[in-house]
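Here are some short exercises to work through with a structure on your screen. Try each task before reading its solution.

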Amino acid sequence: MSQQQKTFRAIEVGDGSDGRWAAHAQALWPVTRGWLTDEGRTAQGAERARKLFETHMPELAPVLDRLARRLDRPDGEALLTFAALRPFFSGCTQTGDTGTLLRNYDFDPDDCEGTIVSSHFLRPVIGTQDAAWGLLDGMNDAGLAVSLTFGGRFLHGPGFAVLIVLRYLLETCDTVGEAIGRLRSIPISIPQNVTLVDPERAVTVFVGPDIPLTEAPDACAANHQHLPVPDEHERVSRTQERLRAVRAAGTDVSAMLRPPLYQSRYEEGSGTVYTAHYQPCEGRVTYYWPGESWAQSFAEFAPGSRTVTIGRAD
C-alpha cells in the first residue's frame with residue numbers, strides 16, 4: 001500500500017466573534033458550498049432549513065446567527081444549519097468504555113478537513129471539525145465525548161447531517177443519558193451510529209431517517225446497524241470483521257493502528273485518516289498515526305499544524 005502525507009491543523013476559535021473562525025471558514029467556502037443541495041440554495045429551502053434548526057437546536061440559533069454574519073457568504077446560513085446538505089458516506093470503527101472513546105476515521109484524505117478545533121460557542125468543546133463547525137468526534141468540559149460512524153445503508157431522508165448534531169450534543173449536554181434523550185427527537189438524514197461516553201456510561205446508538213433511535217448491544221460500532229449484513233456490503237466494507245476485531249481489542253490504541261481496524265483503501269475513499277483517543281474526564285484527546293501522535297487538552301491546547309504520514313508500508 002502506498003503511503004501519503006496529510007497536514008492537520010489545530011486552531012482556537014473562541015465563540016466565533018473575533019474573526020478567527022471566520023478566517024478559517026471563509027477559506028473553506030469554495031469547497032464547503034458544494035455540500036449544499038439545490039433546494040438549499042433557494043430562498044424557500046433556506047427558510048425550511050432555518051426553521052428546522054430553530055425547532056430542534058434552539059440553544060444554538062444565536063450561534064448560527066453570529067457565525068452566518070461572520071461567514072458573510074450567499075447561502076452561508078443554509079449551509080451552517082446542516083439541514084440542506086448532500087449526503088456523505090464514510091467508513092470508521094469506534095468503541096467506548098466509561099471515560100474513554102477510541103475511534104478510527106476512514107475517508108478520502110483529500111476530502112477530510114483535518115482540523116482540530118477548540119471552541120467556546122456555548123461551552124468549551126474540542127473536536128475534529130468538518131464543514132466549518134460540524135464535528136466528526138469531540139468532547140466537552142463536562143466529560144462527555146461523542147463520535148460517529150456511517151450506518152451502512154445508502155438512503156437519505158429529511159433531517160440534519162449528523163455533524164451538527166454531535167456539535168449540538170456537546171454544546172448542550174453533560175451526560176450520555178441527557179444526550180440520548182435529545183438525540184431521540186432530532187431527525188437525522190442518513191443512517192449513523194453514534195457512540196457516547198461519560199464518566200459512568202458508554203453506549204452506541206443507531207439513528208437514521210427510517211428508524212427510531214435504537215441502542216446497540218455494546219459501545220462498539222463499525223458500518224452496519226442490522227443483521228444480516230448483505231454479502232456484498234461485507235465484502236466491500238469488512239464491517240462485521242472490524243466490529244469483531246474492535247470488540248476483541250477494547251480500547252487498545254495499538255490495535256486501531258493495525259489491520260483489519262486500520263484500513264488502507266484510500267483510492268476507494270475508505271482509508272484510515274486518523275485515530276482519536278478521547279479521555280474526556282481528563283479533558284484530553286490524543287490523535288495517532290503510524291509512528292506519530294499529537295495530544296491536545298482543555299488545559300494545554302496548542303494551535304499549530306502537523307504533516308503526518310498516513311497508511312502503512314507494505
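The exercises below go from the sheet to the helices, the core and some unusual backbone sites.

Before you start, note that this is a predicted model, in which local features need pLDDT of at least 70, side-chain atom pairs count only at pLDDT 80 or more, and totals for chains, interfaces and linings use all residues. Residues are numbered from 1 along each chain as its sequence is written, and side-chain values use heavy atoms, with hydrogens and water left out.

**Exercise 1. The sheet**

Task: Find the order of the strands in the open sheet of nine strands, and say which strands stand at its edges.

Solution:
- Begin with the vocabulary: strands (E, at least two residues) and helices (H or I, at least four) are DSSP runs, numbered from the N terminus. Two strands pair if DSSP finds at least two bridges between them.
- Next, trace the order, which is E10-E9-E8-E7-E6-E5-E4-E1-E15, with mixed pairing.
- Strand E10 (211-215) and strand E15 (304-310) are the edges; each has a single partner strand, so one side of each lacks a neighbour in the sheet.
- Neighbouring strands are turned by 20° against each other on average, direction ignored. For such angles, axes are lines fitted to C-alpha atoms (for helices, over the stretch in contact), and values run from 0 to 180 degrees between N-to-C directions.
- For one pair within the sheet, look at strand E7 (residues 145-150) and strand E8 (residues 192-197), which are antiparallel over six bridges. Here Thr 149 faces Asn 193 in E8.

**Exercise 2. Strand E4**

Task: Work out how E4 pairs with E1 and with E5, and decide whether its residues are buried or exposed.

Solution:
- With strand E1 (residues 4-14), E4 pairs in the parallel sense over five bridges, and Ala 10 stands opposite Ile 116.
- With strand E5 (residues 125-130), the pairing is antiparallel, again over five bridges, and Thr 115 stands opposite Gln 129. A hairpin of five residues links E4 to E5.
- Now apply the cut-offs: buried means under 20% relative accessible area, exposed over 50%, and partly exposed in between (1.4 Å probe, protein chains only).
- Five of the five residues of E4 (residues 115-119) are buried, so the strand is largely enclosed by the rest of the structure.
- In a regular strand the side chains alternate between the two faces of the sheet. In E4, Thr 115, Val 117 and Ser 119 point one way, while Ile 116 and Ser 118 point the other way.

**Exercise 3. Helix H8**

Task: Identify the buried residues of H8 and the elements they pack against.

Solution:
- The buried residues in H8 (residues 239-249) are Thr 239, Arg 242, Leu 243, Ala 245 and Val 246.
- They cover an arc of only 165° around the axis (taken from the directions from the helix axis to the C-beta atoms), which puts them on the same side of H8.
- Arg 244 and Ala 248, on the other side, are exposed.
- The buried residues pack against strand E2 (93-97), strand E3 (100-107), helix H7 (231-237) and helix H9 (253-256); contact means heavy atoms within 4.5 Å.
- After H8 comes Gly 250, with a positive phi near 65°.

**Exercise 4. Helix H1 and the core**

Task: Describe how H1 packs against H3, then place Trp 21 in the core.

Solution:
- Helix H1 (residues 20-32) and helix H3 (residues 61-71) pack at about 65°, with axes 9 Å apart.
- From H1, Trp 21, Ala 22, Ala 25, Gln 26 and Trp 29 meet Leu 67, Arg 70 and Leu 71 of H3.
- H1 also lies across E1, E4 and E5, at about 145° to E1.
- A nonpolar core is a set of buried Ala, Val, Leu, Ile, Met, Phe, Trp, Tyr and Cys residues joined through side-chain atoms within 4.5 Å. The largest has 95 residues, and Trp 21, Trp 133, Val 165 and Leu 196 have the most contacts inside it.
- Helix H5 (residues 162-172) gives the largest share of this core, eight residues.

**Exercise 5. Unusual backbone sites**

Task: Locate Asp 72 and Phe 82, and find which of these is buried and which is exposed.

Solution:
- Most residues other than glycine have a negative phi, and most peptide bonds are trans.
- Asp 72 has a positive phi of about 55°, and lies in the loop between H3 and helix H4 (76-81). Its relative accessibility of 55% makes Asp 72 exposed.
- Phe 82 has a phi near 60°, in the loop between H4 and E2. Phe 82 is buried, at 1% relative accessible area.
- As a last stop, the peptide bond from Leu 227 to Pro 228 is cis, with omega near 0°.
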